[in-house]
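Reader: I would like to learn how to read a fold. Please take it one feature at a time.

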Amino acid sequence: LDKVIFNVSAWYAEEKLTIYTLKMLSELASNKMRALYFISCEQLWYFMRAFANGSHPFDMILPSAQKQVVAGLLGCAVGAKRDQYLSELLEPVRSRFNSIVFAENFQTHYQDEILHNNLSSLLEALSGIALATKSSMTDKIFSFL
């Protein structure tokens with residue numbers, strides 16, 4: 001987990017390394033015992049909150065890596081803390097998306113490069129949420145979407 005956090009924080013501009021690192025997180029989280037360990041680690045919660053709020057380094061990660069971030073983070077959503085974890089992951093993503101799309105000036109500024117990049121990243125994250133959803137969490141994801 002520390003290696004994943006370090007690689008994403010230090011090498012976020014390296015697309016392939018970031019994607020491979022996040023795939024490693026997904027693979028590690030695919031084992032329920034490891035996922036239970038991860039969800040109990042404060043580092044994962046900090047990492048997840050940074051992603052959900054669009055904080056550094058996630059504000060710099062290329063849109064193509066956003067799906068892998070979500071897949072890895074959703075893989076850790078197990079156990080008694082699952083619902084709290086999913087809420088803290090999904091609600092800020094939805095809020096960020098809504099604040100962009102429903103802003104008064106969206107129709108006039110939608111081609112602005114910064115706005116376009118933010119929206120692309122969020123759409124990739126939403127796509128990743130749909131793709132990484134497990135059958136055990138569909139109720140929470142469908143209520144989110």
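Author: The chain has nine helices and zero strands, where helices (H or I, at least four residues) and strands (E, at least two) are DSSP runs numbered from the N terminus. This is a predicted model: local features need pLDDT of at least 70, side-chain atom pairs count only at pLDDT 80 or more, and totals for chains, interfaces and linings use all residues. Residues are numbered from 1 along each chain as its sequence is written, and side-chain values use heavy atoms, with hydrogens and water left out.

Reader: Why is the chain called as compact as a globular protein of that length?

Author: The radius of gyration is taken over C-alpha atoms, and the globule rule is 2.2 Å times the number of residues to the power 0.38. The chain's radius of gyration is 15 Å, close to the 15 Å that the rule gives for 145 residues, so it is as compact as a globular protein of that length.

Reader: What share of the residues count as buried?

Author: Buried means under 20% relative accessible area (1.4 Å probe, protein chains only). Of the 145 residues, 41% count as buried.

Reader: Which residues does Ser 26 touch, beyond those up to four places away in sequence?

Author: Contact means heavy atoms within 4.5 Å. Ser 26, part of helix 2 (residues 15-29), touches Gln 68, Ala 71 and Gly 72 by that count. Its side chain reaches the backbone nitrogen of Gly 72 at 3.2 Å.

Reader: How many contacts join residues far apart in sequence, as a percentage?

Author: Among contacts between residues at least 6 apart in sequence, 70% join residues at least 24 apart.

Notes:
A polar contact is a pair of N or O atoms within 3.5 Å; within protein, one must be able to donate a hydrogen and the other to accept it, and residues adjacent in sequence count only if both atoms are side-chain atoms. Buried means under 20% relative accessible area, exposed over 50%, partly exposed in between (1.4 Å probe, protein chains only).
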